[in-house]
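The following account is intended for a reader who meets this structure for the first time. It proceeds from one local unit to the sheet, and from there to the core and the aromatic rings.

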Amino acid sequence: MFISEENEKKWIEDANNDKVSNVKLAICLIENDEYIGNVYLTGIDHVNKKSGIGFFIGDNKHHKKGYATEAIQLILNHAFIDLGLERVESKQFINNLVSIKLHEKVGFYKEGVLRNYFFKNGKYNDVSIMSIIKKDFFEMHYIK
């Protein structure tokens with residue numbers, strides 16, 4: 001997918017100007033600071049203490065190395081500890097089994113299916129909705 005330099009600059013500018021309802025972070029390798037993807041908290045609702053989450057790792061050479069898992073765990077830590085959120089949810093196409101398994105690995109539970117939720121490639125697609133709440137996150141990552 002081609003993204004113009006102007007669109008990239010606008011995305012960065014918008015991200016820098018919206019620190020209340022979104023957190024958008026780069027994922028970079030420790031050893032050389034190479035940018036490999038992003039992780040997000042989106043639609044942060046400070047009243048109901050919830051948000052959405054998203055991520056991507058661009059180049060396939062960086063897939064299956066644990067980078068997305070670590071990035072999600074770190075941003076969930078930020079969501080639950082620093083921001084005081086209670087719930088983080090994620091949506092993915094129901095046939096995206098890699099994403100579903102990754103979410104389960106870090107503590108998300110499948111809540112259901114949103115039928116005909118996205119229109120893509122000329123048809124409506126079902127989406128899985130998953131969530132993790134603060135209690136589950138702490139039990140999985142802090143209480144042994």
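In this predicted model, strand β3, helix α2 and strand β4 together make a β-α-β unit that is right-handed. The helix of the unit, α2, spans residues 67-82. The two strands of the unit, β3 and β4, run parallel and are joined by three bridges. Strand β4 covers residues 87-93. Two of its residues can be placed opposite partners in β3: Arg87 is the bridge partner of Lys50, and Glu89 is the bridge partner of Gly52.

Strand β3 also has a neighbour on its other side. Strand β2, residues 35-45, runs antiparallel to β3, residues 50-57, and seven bridges hold the pair together. Within this pairing, Thr42 of β2 stands opposite Gly52 of β3. Gly52 thus appears in both pairings, with Thr42 as its counterpart in one and Glu89 in the other. The strands β2 and β3 form a hairpin with four residues between them, and Lys49 in this hairpin takes a positive phi near 55°.

A further glycine of β3 shows how the hairpin brings separate stretches of sequence together. Gly54 lies in strand β3 and touches Asn38, Val39 and Tyr40, leaving aside residues up to four places away in sequence. Gly54 and Tyr40 are 14 residues apart along the chain, yet their C-alpha atoms are 5.0 Å apart in space. Is Gly54 buried or exposed? Its relative accessibility is 18%, and because residues under 20% are classed as buried, Gly54 counts as buried.

These pairings belong to a wider arrangement. Strands of a sheet pair through backbone hydrogen bonds, in either a parallel or an antiparallel sense. Here six strands form an open sheet in the order β1-β2-β3-β4-β6-β5, and the pairing is mixed. The edges are β1 and β5, each of which pairs on one side only. From one strand to the next, the twist averages 25°. At the β5 end, β5 and β6 pair in the antiparallel sense over eight bridges, with Leu114 standing opposite Val127 in β6. These two strands form a hairpin as well, with two residues between them, and Asn121 in the turn has a positive phi of about 55°.

The chain as a whole contains four helices and six strands. Read from the N terminus, the elements follow the order α-β-β-β-α-β-α-β-β-α. One of the helices, α3, lies across β3, β4 and β6 and runs at about 160° to β4.

Attention may now turn to the interior. Nonpolar side chains in soluble globular proteins tend to be buried together. The largest nonpolar core of this model has 25 residues, among which Leu41, Ile53, Leu76, Val88 and Phe108 touch the most other members. Two or more core residues come from each of β1, β2, β3, α2, α3 and β6. The largest share, seven residues, is supplied by α2, the helix that also serves in the β-α-β unit.

Val88 illustrates how widely one core residue can reach. Beyond residues up to four places away in sequence, its contacts include Leu41, Ile53, Leu76 and Phe108, each of them named above among the core residues that touch the most other members. Val88 also touches Ser51 and Gly52, Ala79 and Phe80, and Met130, Ser131 and Ile132.

Phe80, one of these contacts of Val88, leads to the aromatic rings. The model has five aromatic pairs. In one of them, Phe80 and Phe137 are tilted, with 5.2 Å from centre to centre and 40° between the planes. This pair links distant parts of the chain, since Phe80 belongs to helix α2 and Phe137 to helix α4, residues 134-141, with their positions 57 residues apart in sequence. Which class of accessibility applies to Phe80? Phe80 is buried, because its relative accessible area is 2%; Phe137 is likewise buried, with a relative accessible area of 2%. Ring pairs link Phe80, Phe137 and Phe138 into a cluster.

Two totals describe the chain overall. Buried residues make up 34% of its 144 residues. Among contacts between residues at least 6 apart in sequence, 51% join residues at least 24 apart.

Terms used: Residues are numbered from 1 along each chain as its sequence is written. This is a predicted model: local features need pLDDT of at least 70, side-chain atom pairs count only at pLDDT 80 or more; totals for chains, interfaces and linings use all residues. Side-chain values use heavy atoms; hydrogens and water are left out. Two strands pair if DSSP finds at least two bridges between them. A crossover is right-handed if, with the strands pointing away from the viewer, the path from the first strand over the helix to the second runs clockwise. A nonpolar core is a set of buried Ala, Val, Leu, Ile, Met, Phe, Trp, Tyr and Cys residues joined through side-chain atoms within 4.5 Å. Buried means under 20% relative accessible area, exposed over 50%, partly exposed in between (1.4 Å probe, protein chains only). Contact means heavy atoms within 4.5 Å. Axes are lines fitted to C-alpha atoms, for helices over the stretch in contact, and angles run from 0 to 180 degrees between N-to-C directions. Rings of Phe, Tyr and Trp (its six-membered ring) pair if their centres lie within 6.5 Å; planes under 30 degrees apart count as stacked, over 60 as edge-to-face and the rest as tilted.
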